[in-house]
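Me: I would like a close look at a single part of this chain, a helix and what surrounds it in the sequence. Please set that part in the context of the whole model and go through it with care.

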Amino acid sequence: MANDTPPRWDRKMQQRLARGEAAALGELYDRFASLVHGLAHRVLDDEEAADSATREVFAHIWENPHTFDPREGPMRSWIADLTQRMATGRLRQLQRSAGPCSPEQAERFEEQVRTAATAARADYIVTSMPSSLRAALELAYFERRDYRQTARTLGVTEDEARRRLRLGLQLLSSAVTQPAMAPPGSGQRP
């Protein structure tokens, strides 16, 4: 996906963080702060809460660089997943602090958390996908163009436009089909 860092960069960054290099944290923050803040804001829908969640995510990374496993995927994906888990955890914490609620209210709240988590995953997928796929989807969705019009605008064949649209939609569908963030105590991994 676009914007991914090379695996070698990810491993070196993890090693630098493990050694306690403050410059490494600054470099990581410069590279991923907008991603973290955007995802946190998408889940929390509050600027202050997103700022706070962003600080928490980078504090966690600084204190626990060993929790990143390069074999499980790129650092960018790990940071996005960490952000989503921390933001949804914060959302649940806010709900618990509001006091007891009925089972119906609790279910409505969990649906809001699932919706926010799905939207955050979709945002991440769209911003991470290659620009050729994103451009095709934007033409089809925002400008209501069919695959023929998309092909003409992008200067590609109709088959290529269909392929890009299909692949882009498949990537986006994974935001919905991926399991939602599990509530605490459910025994499921988010």
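Reply: What follows begins with the whole chain, turns to helix α6 and its surroundings, and ends with the other helices.

This is a predicted model, and every statement below should be read with that in mind. The protein chain contains eight helices and zero strands, so that from the N terminus on its elements read α-α-α-α-α-α-α-α. Taken along the principal axes, the C-alpha atoms fill a box of roughly 55 × 50 × 30 Å, and of the 190 residues 36% count as buried.

The part chosen for the close look is α6, which runs over residues 131-142. This helix has 12 residues, and the distance from its first C-alpha to its last is 15 Å, close to the 16 Å expected at 1.5 Å a residue. Buried residues in α6 are Leu133, Ala136, Leu137 and Leu139. Because these four cover an arc of only 160° around the axis, they are placed on the same side of α6. The general background is that an α-helix has 3.6 residues a turn, so residues three or four places apart point the same way. On the other side of α6, by contrast, Ser131 and Phe142 are exposed.

After α6 comes Arg144, which has its place in the loop between α6 and α7, the latter covering residues 147-154. The phi of Arg144 is near 55°, a positive value in a residue other than glycine. As a general matter, most residues other than glycine have a negative phi. Arg144 is also exposed, since its relative accessible area is 69% and the cut-off for that class is over 50%.

Further along the chain, Glu158 lies in helix α8, residues 158-177. Glu158 counts as partly exposed, because its relative accessibility is 33%. In sequence Glu158 is 10 residues away from Arg148, while in space the two C-alpha atoms are 5.7 Å apart.

On the N-terminal side of α6, Ala119 is found in helix α5, residues 103-128. Ala119 is buried, since its relative accessible area is 17%, and buried means under 20%. Between the C-alpha atoms of Ala119 and Leu133 there are 19 Å, for a separation of 14 residues along the chain; Leu133 itself is one of the buried residues of α6.

The UniProt record gives a name to the stretch that contains this helix: for "domain: RNA polymerase sigma factor 70 region 4 type", an unreviewed entry, it lists residues 126-171. Over residues 126-171 the chain of the model is 80% helix and 0% strand, and the end C-alpha atoms of the stretch are 8 Å apart. The record also carries the annotation "domain: RNA polymerase sigma-70 region", likewise from an unreviewed entry, which covers residues 28-96. Over residues 28-96 the chain is 81% helix and 0% strand, with the end C-alpha atoms 32 Å apart.

The remaining helices can be described through their lengths and the way they pass one another. Helix α4, residues 75-97, has 23 residues that should span 33 Å at 1.5 Å a residue, and its end C-alpha atoms are 32 Å apart, which agrees. Following α4 is Gly99, whose phi is positive, near 105°. α4 packs with α5 at an angle of about 160°, with the two axes 11 Å apart. The two helices are therefore roughly antiparallel to each other, and their crossing is right-handed.

At the N-terminal end of the chain, the axes of helix α1, residues 7-18, and helix α2, residues 22-44, come within 8 Å and cross at roughly 135°. That angle makes α1 oblique to α2, and the crossing in which α1 passes α2 is left-handed. Asp45 is found in the loop between α2 and α3, where α3 covers residues 47-63. Phi of Asp45 is near 55°, a positive value in a residue other than glycine. With a relative accessible area of 63%, Asp45 is exposed.

To return to the part you asked about, α6 carries Leu133, Ala136, Leu137 and Leu139 as buried residues, has Ser131 and Phe142 exposed on the other side, and is followed by Arg144 with its positive phi.

How values were computed:
Residues are numbered from 1 along each chain as its sequence is written. This is a predicted model: local features need pLDDT of at least 70, side-chain atom pairs count only at pLDDT 80 or more; totals for chains, interfaces and linings use all residues. Side-chain values use heavy atoms; hydrogens and water are left out. The expected span of a helix is 1.5 Å times one less than its number of residues. Buried means under 20% relative accessible area, exposed over 50%, partly exposed in between (1.4 Å probe, protein chains only). The arc is that of the directions from the helix axis to the C-beta atoms. UniProt positions are given in the numbering used here, feature names are shortened, and annotations may be inferred rather than shown by experiment. Axes are lines fitted to C-alpha atoms, for helices over the stretch in contact, and angles run from 0 to 180 degrees between N-to-C directions. Angles under 35 degrees count as roughly parallel, over 145 as roughly antiparallel, 65 to 115 as roughly perpendicular and the rest as oblique. A crossing is left-handed if the near helix is turned anticlockwise from the far one by less than a right angle, and right-handed if clockwise.
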